[in-house]
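I wanted to look up two things in this entry, the charged side-chain pairs and the nonpolar packing, and I kept my notes in the order in which I looked.

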Amino acid sequence: MSCLFCRIIKGEIPSFKIYETSKVYAFLDVNPLAEGHTLIIPKIHAAKMHEVPDDYLADVLPTARKIALALGATPDDAFQYNILQNNGTLAHQVVQHAHFHVIPKPNDAEGLGIGWPGKPTDFDALKKTHETLLKKMEGKL
């Protein structure tokens, strides 16, 4: 298999492992946006998040929480960070194996920098989207 992350899971490519369960593997990003930038990958090959089985996804957020705490998260909110997950090349996914980033945000220069080009809301269109999604979530479409 040529998938970079599958090869890391198998030990064919070295990594700086931080944490592991039977379902996920977490390791330091070799191109970090900030010190401690960590990747969490399911131990099953799936290109996008919606292809990952629920039991694998169930380990992701508890793992992200443990990593955030190890990096310095405290109740006083002094430590700030992002959890990022991209699906597809247009959404900036580089490695086509679902993965989640824990990215410390120590200051304005380091960590994830994003823009949020929000648009004014057309409430009629929003209501239609809401109704469509509700039907799909209920399995009616």
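Entry 1, a lysine and its partner. I began with Lys-43, which counts as partly exposed because its relative accessibility is 24%, and I kept in mind that I was reading a predicted model. I then looked for its partner and found a salt bridge with Glu-20, in which the closest N and O atoms are 2.6 Å apart. The two residues come from distant parts of the chain, since Glu-20 lies in strand β1 (residues 17-20) and Lys-43 in the loop between β3 (38-42) and α2 (54-71), with their positions 23 residues apart. Glu-20 has a relative accessible area of 34%, so I noted this residue as partly exposed too.

Entry 2, a second distant pair. I next looked up Lys-23 and found a salt bridge to Asp-55, with 3.0 Å between the closest N and O atoms. This pair also links distant parts of the chain, with Lys-23 in the loop between β1 and β2 (24-28) and Asp-55 in helix α2, 32 residues apart. I recorded Lys-23 as partly exposed because its relative accessible area is 22%, and Asp-55 as partly exposed because its relative accessibility is 39%. I then checked for shared partners, and found that salt bridges join Lys-17, Glu-20 and Lys-43 into one network.

Entry 3, the remaining notes on charge. I found Arg-7 and Glu-12 joined by a salt bridge through their side chains, at 3.2 Å from N to O. Arg-7 is partly exposed because its relative accessibility is 32%, and Glu-12 is partly exposed because its value is 46%. My tally for the model came to four salt bridges.

Entry 4, the nonpolar packing. Which residues make up the largest nonpolar core? I listed nine, namely Cys-3, Phe-5, Cys-6, Ile-8, Tyr-25, Phe-27, Leu-39, Ile-41 and Val-95. The elements that give two or more residues to this core are α1 (4-10), β2 and β3, and the largest share, three residues, comes from α1. I followed Phe-5 further and, leaving aside residues up to four places away in sequence, found that Phe-5 touches Phe-27, Leu-39, Ile-41, Val-95, His-97 and His-99. I also noted a second, separate core of eight residues, among them Ala-26, Val-60, Ile-67 and Phe-100. As background, I wrote beside this entry that nonpolar side chains tend to be buried together in soluble globular proteins.

Key: Residues are numbered from 1 along each chain as its sequence is written. This is a predicted model: local features need pLDDT of at least 70, side-chain atom pairs count only at pLDDT 80 or more; totals for chains, interfaces and linings use all residues. Side-chain values use heavy atoms; hydrogens and water are left out. Buried means under 20% relative accessible area, exposed over 50%, partly exposed in between (1.4 Å probe, protein chains only). Helices (H or I, at least four residues) and strands (E, at least two) are DSSP runs, numbered from the N terminus. A nonpolar core is a set of buried Ala, Val, Leu, Ile, Met, Phe, Trp, Tyr and Cys residues joined through side-chain atoms within 4.5 Å. Contact means heavy atoms within 4.5 Å.
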